[in-house]
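Colleague: I've just opened this one and don't know my way around yet. Can you walk me through it?

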Amino acid sequence: MHTRTSPPPVAAGRARRKWVPAITAVASLMVVLDALVVATALTAIRSDLGASVTELEWTVNAYGLSFAVLLLTAAAAGDRWGRRRVFAAGVTLFAAASLVCAVAPDVTVLIAGRVLQGAGAAFVMPLALALLGAAYPPELRAKALGVFAGVSGIAVPLGPLLGGAVVEGVSWPWIFWINVPIGAALAYFALTRIEESHGPDPALDVPGLLLAGAGSFGVVWGLAQAGAAGWADVATLAPLGAGLVALGAFVVWQGRAAHPMLPLHLFRSRRFAAGNAVIFCHWASALGAVFFMAQFLQEGLGYGPLAAGLGLAPWGLTTTFVPQLAGRLVGRFGERPFIVAGLGLHGLAMLWLALVAGPGIGYWVIAVPLVLSGTGIAMCLPAAQSAVLTSVAPRFLGKASGAFSAMRQLGGAFGVAVLVTGFSLAGGYGSSAEFSAGFGAAAVVSAVLAGVGALAGSLIPRRSEGAM
């Protein structure tokens, strides 16, 4: 079988190149938006569909479950059959799954739709990063990633705000209806405005695909069970243990496979290895925090859905411009200062929120730490992306993007699980005071995760090691 490789970055015409960050960033915006937009709709969904707290957690985790399981498969499929083609297929599936969520008559169908959404998202995110990386040479990649992160970062303030506005103004199904026309338009423009690119085209690593999928499924399923069943329960330990064994077998197999889906030599780069550890902790802390912050404004402070969305807006508005600024400066100062300072700032803000959280407090008490938290998260993301994607040769961009996206989603599932555990140990939904106590404990856990991520970021070399 012949080998196809991506054209060099200069092969993409300047006119078409300008379409790549726009299309990929909007697709990423849509995907990340649906990880967050549900946050301010959780209370309405619980009331409308009679969902339990465990089922509410599954409306978040079902999305992350299929997302995490299929990421490496999606990256391999894009390398083999065309990144643009697989990206467009993922956007189409995401739009169709959104339709299922919109018409769901009960929470079971809603969760099933979220599983399909996550599957579509898995075929969007790694291919979006790979298409972006293939379109730009390394010296321009950090700046392009800053624009990408800035546009997709709009999801952070827009998600809770849009969710609150739609829930209060219309009804919660409309947070899913909006994806249908946007997805159709994105699929069309992707197929007509983006140059196709491929990775190496060997036979698919079928054992690797099965082991990675089974391992990711077991780990995410176990983490999702931990909040309700507890970490010591067999319902948590069995899938978690099986998943870790499968992932261990995946690592062993990748060292022996003729055409590995994730070449282990990439992890010899400190930039690549540390960047993936950073994004795991970054998204664990951030997704877990937003899961509870939106509920705190409603359950703890008595806000309506729209007011809760507006209350979270300062937290996320920084993500619309800070990533672009950071992306321009990363090339000059390196990724490490933006990661360490960003996650450090976010962690301190979470500790601040933990100290002041309580029923009936004024909004001004939490406004400043919300802005600091959003700024820190926004500083870190483009730097982590740059560390991973500039540490590999162009032919490995798809695989590197898949690994990065997989670590992000596994981190998100882990973050929600451990924050739910912290919340459950200290509080509950019985009263505003009880919820506030649980939220404070969850914020401390979020701060610890951010601190671990900052330590991982400190291991990134200041100068590039060269592509692996």
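Colleague: Let's start somewhere specific: which helix does Asn276 lie in?

Modeller: Asn276 is in helix 14. Helices here are DSSP runs of H or I of at least four residues, strands are runs of E of at least two, and both are numbered from the N terminus. Before we go on, residues are numbered from 1 along each chain as its sequence is written. This is a predicted model, where local features need pLDDT of at least 70, side-chain atom pairs count only at pLDDT 80 or more, and totals for chains, interfaces and linings use all residues, while side-chain values use heavy atoms and leave out hydrogens and water.

Colleague: Okay. Is Asn276 buried or exposed?

Modeller: Asn276 is buried, because its relative accessibility is 2%. The cut-offs are under 20% relative accessible area for buried, over 50% for exposed and partly exposed in between, with a 1.4 Å probe and protein chains only.

Colleague: And what does Asn276 touch?

Modeller: Setting aside residues up to four places away in sequence, Asn276 touches Val388, Ala403, Phe404 and Met407. Contact means heavy atoms within 4.5 Å.

Colleague: What about Ser285, where is that found?

Modeller: Ser285 is found in helix 14. With 0% relative accessibility, Ser285 counts as buried. Beyond residues up to four places away in sequence, Ser285 touches His346, Ser446, Leu449 and Ala450.

Colleague: How far apart are the C-alpha atoms of Ser285 and Ser446?

Modeller: They are separated by 4.6 Å, although Ser285 and Ser446 are 161 residues apart along the chain.

Colleague: Switching topic: how many salt bridges are in the whole structure?

Modeller: The search finds 4. The rule asks for a side-chain nitrogen of Lys or Arg within 4 Å of a carboxyl oxygen of Asp or Glu. As background, side chains of opposite charge can pair when their charged atoms come close.

Colleague: Which residue forms a salt bridge with Glu335?

Modeller: That's Arg271, and the closest N and O atoms are 2.8 Å apart. Glu335 sits in the loop between helix 16 (322–333) and helix 17 (336–356) and Arg271 is in helix 14 (residues 270–300), so the pair ties together parts 64 residues apart in sequence. Both Glu335 and Arg271 are buried.

Colleague: Which residues are joined into one network by salt bridges that share partners?

Modeller: Asp79, Arg83 and Lys399. The closest N and O atoms are 3.2 Å apart for Asp79 with Arg83, and 3.4 Å apart for Asp79 with Lys399. That second pair links distant parts of the chain, with Asp79 in helix 4 (residues 53–81) and Lys399 in helix 19 (residues 397–426), 320 residues apart.

Colleague: Why do Asp79 and Lys399 count as buried?

Modeller: Asp79 counts as buried because its relative accessibility is 1%, and Lys399 because its relative accessible area is 12%. Arg83 is buried too.

Colleague: Zooming out, what domains is the chain divided into?

Modeller: There's domain 1 (12–194), domain 2 (206–261) and domain 3 (265–462). Those bounds come from an automatic or database domain assignment. In the contact of domain 1 with domain 2, 11 residues come from domain 1 and 14 residues from domain 2.

Colleague: How much area do domain 1 and domain 2 bury between them?

Modeller: About 960 Å², with 76% of it on carbon and sulfur atoms. Buried area is the accessible area (1.4 Å probe) that two parts lose on being put together, summed over both. Trp58, Leu65 and Val69 supply 46% of the area that domain 1 buries against domain 2, more than any other three residues.

Colleague: How many salt bridges does the rule find across that interface of domain 1 and domain 2?

Modeller: The rule finds 0 there.

Colleague: One last corner: where does Ala51 lie?

Modeller: Ala51 is in the loop between helix 3 (42–49) and helix 4. With a relative accessible area of 7%, Ala51 is buried. Leaving aside neighbours within four places in sequence, its contacts are Ile45, Arg46, Leu56 and Val107. Ala51 and Val107 are 56 residues apart in sequence, with 6.5 Å from C-alpha to C-alpha.
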